[in-house]
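Dear colleague,

I am passing on the structure we talked about, and I would be glad if you could read the notes below with it open beside you.

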Amino acid sequence: MNSFQEVFIRYRELMEIAVYGVAILLIFIGLYAVLTKKHLVKVVIGLSIMDAGVNLLFVGVGYITNHTAPIFSPGYEDAADKMVDPVPQALVLTAIVIGFAVTALALSLVIRLYRHHKTANIEQLNSLRW
Amino acid sequence: MVISPVHYIVAPLAAAFFIPLLNKLYDDAARVVPGIVLGYLVVVSAVLVPQVLYNGPITEIIAGWRPPFGINLVMTPFSAILALLVSFMAFVIWLYGFRFRRTLKGGVVMYYEILQMMMTAGALGIILTGDLFNMFVFVEIAGITAISLSAFYRDRDGAEAGFKYMLLGSLASVFLLLGILLLYTQTHSLNMAQIAERMPAVAQGVKIIALIFLLVSLGIEAEMFPLNSWAPDAYSQAPSPTSAAFAAVLGVAAVYALARVSYTLFDAQSVSMFLMVMGFLTMFFAETAAIAQTDLKRMLAYSSMGQMGLVMVALGIGNETALFGALFLIINHAVIKALLFMTGSYFIYNNNSKRLVALNGIHKRLPYVSFLFSLGALAIIGFPPFSGFWSKFYILSGAAKRELLPLIIGILAITIVEMTYYLRVIGRIYFGKEETEPASHKPSINALVAMTSLAVIIVVLGLYPGLISGYLHKASMFLLDKQAYIQNVLSVK
Amino acid sequence: MIFIVFLVIMAVILIAAAVYSVVQKDLLYAVLGTGVVSLVLSVFFYLLQAPDVAITEAAIGIALTTIIFIITIRNTTRDEDKYSEDLINRFKPEEDA
Amino acid sequence: MLKKIFVLFLLTVTGVALWQSFRHAPFGENRVGDVENPETVSAFYLKHSPETLHTANSVTAIVVNFRGFDTLGEVTVLFLAATGLASILYRRKEDEEEEGGHLPVRVKLKSSTLVRTGAKILFPLILLLGIYVFVHGHLTPGGGFQGGAIIATGFLLMFITYKRFNVNHKIMVWLESLSGLAFVLIGLYGLVAYGSFLQNIPWTGRLNDLISGGLIPLIYIFIGIKVATELTNVLDTLMNTKPRKK
């Protein structure tokens, strides 16, 4: 664990890229899929990747170098000033569950659309236009 | 138990959890219980709103932790008036649809009722909450119900409308989360009052990016141009009571969130230009698109977007007169658009067609409904004896105070466009070539009561705007007073 | 050192899986790609001292989300470029014992 | 092609803006501040979670108590998603007759004996694990959501292994309604007894005891049941949608 911590301090910049950068890249990839892909399932995949990126960003923001998980298990009762920020973690819990709910709803709509139009191409769903 | 703002949220939630069980025991439970709950919410408003208006804002703490730390519900005069409006409109819409929903078969009635009721709860949550992340949760509640309701009818293109809304709604929720996270990293708080208090210390660049994220995401919900393409589809594909609720419940909440974020979290001056330009564009494109519509519900939906744009313009103008006008317009739009959707759905029901052409000479078949529809149409354009006139008048005089001449001309020009298509519909109803087919579906008594009460409100508010203008002034003053909000929330022990 | 290498490898796998699931034409594999994204993400959460989130992501992201995607694919099409082919005929129905 | 370039441009702008703005919150920096005299919400929660609530897992303390209202909303979102899903994929009588019968058509391929026996053994273990996770939610990582999701994966295993495995809908409806109501009622108890919705009882036990944290474990158990039933409902509805025949 000790070498782990030392490495963390020395390579903070790298960590920043590995966490913030990856999170933003995930949002980027997800949004790209949502905006350009034509297959409905692909669009929803894009949404779920985007959600993953946002969740990672939340947890990354809450992280503090060298601090432990915010759990006061035996032996850590007085370690409150050595713990990572618990608030983003609690928010991410909410966000993950809500993301699942939205994904499930979206997929049910995809199934309905496929039954109705017999196609899963987003460009062929044009019975409602300006 | 003393009545407090938390009842607005808890009563519908408890009922929603209970309905599936109750429905097993008693068949009509799903249809009746939401009415009781929404009626109770009107009672709660009747108790709380006078308190707020006379004794000042109420801040209710939840889970026993005082405001910067726990979640809290805030009832300022502004949100109190909107909460009253939303709960009253939801009740009227429930009353209107009570018989109508007998046509739905089987277990779907229960789903419909739960979703429709929870949409109101979500909207009330957005209006009342004082916590940014809590607002996100309620936005999601409102969004999920709205998506499911627009996809409710399977013989229409509902699923397509629902999917469009879902796509834009997901973008909105991701952006909202990013905005909340950015503000959290800088202010270490989720409480709106505390964020507002610590806002001056935040770096300018971060502030602007957070503002953009929040405005885009709330703009999607509030039908702001150019991310509003979900609106006409959702309005036109949803069941009629839901279309009315989109305008009268969801729209109100979305505009409130926009106003709260831009006035309390940020400076009104910094967003003024943005809101004015985007609002005007929303109005312009919506109203011009409305002319080209051949479908009654789509036309009404575009008109709704136009009204939302006008509200945004008024929020952008940002002086007290314009805010007064904006609040008046929110109320008017909720009442009038609900009336138009309600009456319009009887036309559609009778014609078995949503097309405008089918409205020719319908006044012979449905004289009273046609009369109410025309009354609503005239009111929403802003003809003098009706309430719509006053809201437009105050917004224009607010613009005049800031000497925004091009804006005034623009709004007036768009009003003429609006007038064209509404008068065209009225012309069809009264002077179109008549068809002799007798009315097959007369409005039921509960629908008549609902529609008439809305029409009475329109006329009374038009003739005596003084009845509410005092309260509205107080509310708009309070929205402008950022420090009062912060102090009210943070001083709670 | 070994940890930072581990973390960077994780990050690379995460991005690779995300790109794979966007690029892959066979939707079933694309969905499995998102499953891998969730899996690596939950390891990330664990490394960032968020065990609660890691467990949630593991249960919801890996298992449940993947399976509802697969159900949807079964109900629509499996090939991204063929929008209306029926996957179901690829399997022969059999009676349950 | 033009669209793709435009999209990429838009995304790059968004990405750069995000990256730049998160540079203002450097990774790994301590932004919680002094825990003893809390100025940030996080410090306040870290201080009061062991001191006042005697809850070892402070994420649980936040999710269930400090920000319990969010969680109530979140459970509602899940409930509404299950309801919306059912309303979207609702099967009318006519549909069923048209498509022949109403037996669930889930798995076309018969699973092997090994898988079926394994599933039979694993299922109770998974349920037990889920229950363990949400009962210990206030002590160890995990809790209602995690436990509920684990239980739902147990049901998922049964759904995909056994073609005719069906949950008892009556029990599901009862569990779902009653656990949701119990959450609200516990909240209302706080409102009536202490004047604030969802307020915890003053007695919170000792840190790291199984029975500690006042009402927090109780609420998390109800959340666990609710989440498990909702997720199973979602899976059940989706599993029972029949692919269209050619």
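What percentage of the 130 residues of chain A count as buried? The share is 63%, where a residue is buried if 20 or more other C-beta atoms lie within 10 Å of its own, exposed if 12 or fewer, and partly exposed in between, with C-beta atoms placed from the backbone.

Before the details, a word on what you are looking at. This is a predicted model, in which local features need pLDDT of at least 70 and side-chain atom pairs count only at pLDDT 80 or more, while totals for chains, interfaces and linings use all residues. Residues are numbered from 1 along each chain as its sequence is written, and chains are lettered from A and ligands numbered from 1 in the order in which they are written.

On confidence, the model scores ipTM 0.92 and pTM 0.94. For chain D the mean pLDDT (the predictor's confidence in each residue, from 0 to 100) is 85, and 90% of the residues of chain D reach 70 or more. Residues 100–105 of chain D are a stretch to treat with care, since pLDDT stays under 50 there and the model has 5 contacts for them beyond four places in sequence. Where pLDDT is low, the predicted coordinates should not be read in detail.

Chain A has 4 helices and 0 strands, and along the sequence it follows the pattern α-α-α-α; helices (H or I, at least four residues) and strands (E, at least two) are DSSP runs, numbered from the N terminus. Two residues are in contact if their C-beta atoms, placed from the backbone, lie within 7 Å, and of the contacts in chain A with a separation of 6 or more, 57% are between residues 24 or more positions apart. Helix α3 (residues 40–62) of chain A packs with α4(A) at an angle of about 180°, their axes being 10 Å apart; axes are lines fitted to C-alpha atoms, for helices over the stretch in contact, and angles run from 0 to 180 degrees between N-to-C directions. α3(A) and α4(A) are therefore roughly antiparallel to each other, a term used for angles over 145 degrees. The residues of this contact divide into 18 nonpolar, 6 polar and 1 charged, with Ala, Val, Leu, Ile, Met, Phe, Trp, Tyr, Cys and Pro counted as nonpolar, Asp, Glu, Lys and Arg as charged, and the others, Gly among them, as polar. In the loop between α3 and α4 of chain A is N66(A), which has a positive phi of about 70° although it is not a glycine; with 14 C-beta neighbours inside 10 Å, N66(A) counts as partly exposed.

Turning to the interfaces, chains B and D share the most contacts of the 5 pairs of chains in contact. Here 48 residues of chain D are in contact with 49 residues of chain B, and α4(D) gives the largest share of the chain D side, 16 residues. By class, that side has 25 nonpolar, 18 polar and 5 charged residues. Between chains D and A, 45 residues of chain D are in contact with 42 residues of chain A, and the chain D side has 28 nonpolar, 9 polar and 8 charged residues. No contact joins chain B and chain C, whose closest C-alpha atoms lie 15 Å apart.

The largest nonpolar core (a set of buried Ala, Val, Leu, Ile, Met, Phe, Trp, Tyr and Cys residues joined through C-beta atoms within 7 Å) has 363 residues, and V86(B), V252(B), A253(B) and A338(B) are those with the most contacts inside it. Helix α4 (residues 86–117) of chain A supplies the largest share of this core, 21 residues. Neighbours within four places in sequence aside, A338(B) is in contact with residues including M89(B), I93(B) and L454(B).

Three single sites remain. F133(B) lies in helix α5 (residues 132–150) of chain B and counts as buried, with 23 C-beta neighbours inside 10 Å; not counting residues up to four places away in sequence, F133(B) touches L91(A), I180(B), L190(B) and D70(D). A cis peptide bond, with omega about 0°, joins F225(B) and P226(B), and P226(B) is found in the loop between α8 (204–221) and α9 (230–237) of chain B. N208(D), a residue other than glycine, has a positive phi near 70°, and with 21 C-beta neighbours inside 10 Å N208(D) counts as buried.

With best wishes

Note on methods
Angles under 35 degrees count as roughly parallel, over 145 as roughly antiparallel, 65 to 115 as roughly perpendicular and the rest as oblique.
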